[in-house]
Structures are given as C-alpha cells and as structure tokens.
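Student: I should like a close look at the empty space in this model. Please describe the cavity and the pockets, together with the helix packing that belongs to the picture.

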Amino acid sequence: MQQPLSQVPFLVTDIETTGLSPERNRVTEVACVGVLDGEITERHRTLVNPEQFIPHQIQQLTGITNAMVLAAPKGSEVFPQVRSWFPDNGVFVAHNAQFDHNFLQATFRRHGLPVVASVPLCTMRLAKRLLPKRKGYSLGNLAGYFGIKIRGRHTALGDAEATARLLVEFLDMLQEEHGCET
C-alpha cells in the first residue's frame, strides 16, 4: 500500500552500546526522533544500565561512563517503554541503520518484546544514491554538507536529531528532484 510521504511517520533512531555484537554487547543509550511531514514531532532518550562493563575506548567515544549508567534503569525496566516509541505503521530510520536495527531487534527479543516490523531506512545508503559524487558518507560529513550542526556528537540524541534533519533534506530532494510523493 502506497502512502503519501507527508503522512508517513518516521522514527529516527540512534543507539550507543558496549560493543559491536548484538548478542554479546548491550545498549547504553537509545534516542528516537519522530519526523512527520518534514517536521520533528517528538524526541525520546534514555540511558540504560547495560549490566556489563563499558570498555574505555567506548567511554571515550560516547562520553557515557560506567558511573553514568549505574543508576540508569536496567533493560528489563526500560525496553518495554522504548518499544512503545515505535509505531506499527512507522518507518525505522538510522544512519548505518542495519547496526541500530539489528541491535534493537536482538534487545527486544532478549526482553520478550515484539520486534520492529518495518524494514529499516538507512540515511547513509540513501545518501549514496542521492549524492553519488560525494566523498564520505559519515553523519559528520553529510551534516557539514547540508549545514546541519550536530549538538552532542556520538550521543544518541545528538546523532538522532542530526540524522532526522538529514532525513528531512533527503525527503525534500526526493520530492523536488525526483518527483517521489509516496
């Protein structure tokens, strides 16, 4: 079923984790930014106690320390709420979406929650199609190209908000330059 782009709820997501493996590692922060009809409509963010050590190099990258997550809610407490952020008719969006999507799906399964049904939309892959001559498709490079300031780089909410603004730019390009309306 085709739906006008202006009516599609997008949920732009970013997570921070203790490592790269959805099976062995855990989420330390998750943020979601809702986008509808080119506007940011909602923001959600929470730290999560991963119940495992955050390696030093990840603490340096994200700024999330073991001390910060010690008092945060554990996954069993917070992920039912996080799962409720994802509407069944929404589109899961992330930059390098497969990583965030796979991690959250494994996390939801681990906590006995339904997985997100939508196929993820990756802003990095979309950038490669819409801007084929660009060099570098990192969030930082693309944000710079569009003049998007990232507040809180490598934090879930900072990166999710920047990705949401990037998505809005791409949706405009799809409509104006490619006639895409659904």
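Tutor: A cavity is a set of grid points where a 1.4 Å probe fits but cannot get out, whereas a pocket is an open set. The model examined here is predicted. Counting cavities of 30 Å³ or more gives one.

The largest cavity holds about 30 Å³ of space. Its lining consists of Arg83, Phe86, Pro87, Asp88, Gly90, Val116, Ala117 and Ser118. By class, these lining residues are four nonpolar, two polar and two charged.

Arg83 leads from the cavity to the helix packing, since this residue appears in the cavity lining and also belongs to the contact that H3 makes with H4. Helix H3 covers residues 75-84 and helix H4 covers residues 97-110; the two pack at an angle of about 125°, and their axes are 10 Å apart. Angles of 65 to 115 degrees count as roughly perpendicular and those over 145 as roughly antiparallel; H3 and H4 are therefore oblique to each other. The crossing in which H3 passes H4 is left-handed. On the H3 side the contact is formed by Phe79, Val82 and Arg83, and on the H4 side by Leu104, Thr107 and Phe108. Four nonpolar residues, one polar residue and one charged residue make up this contact.

H4 also takes part in the lining of the largest pocket, as one of the elements that give two or more residues to it; the others are strand S1 (10-17) and helix H1 (56-62). This pocket contains about 410 Å³ of space. Its lining comprises 18 residues, and those nearest the pocket centre are Asp14, Ile15, Glu16, Phe99 and His154. S1 provides the largest share of the lining, with four residues. Divided by class, the lining has seven nonpolar, six polar and five charged residues.

The second largest pocket, with about 260 Å³ of space, again involves H4. Here H4, strand S5 (121-122) and helix H5 (123-130) are the elements that give two or more residues to the lining. The lining residues are Asn96, Ala97, Gln98, Pro120, Leu121, Cys122, Arg125, Leu126, Lys128 and Arg129. H5 contributes the most, with four residues. The class composition is five nonpolar, two polar and three charged residues.

In short, H4 links these parts: H4 packs against H3, and gives residues to the lining of the largest pocket and of the second largest pocket.

Definitions and conventions:
Residues numbered from 1 in each chain as written. Predicted model: local features only at pLDDT ≥ 70, side-chain atom pairs only at ≥ 80, totals over all residues. Heavy atoms only, no water. Axes fitted to C-alpha atoms, helices over the stretch in contact; angles between N-to-C directions. Parallel < 35°, antiparallel > 145°, perpendicular 65-115°, else oblique. Left-handed = near helix turned anticlockwise from the far one by under 90°. Contact = heavy atoms within 4.5 Å. Nonpolar A, V, L, I, M, F, W, Y, C, P; charged D, E, K, R; others polar. 1 Å grid on protein atoms, 1.4 Å probe; cavity = no way out; pocket = protein on both sides within 12 Å on 5 of 7 lines; lining within 4 Å. Points joined across faces, edges and corners; volume = space filled by probe spheres on them.
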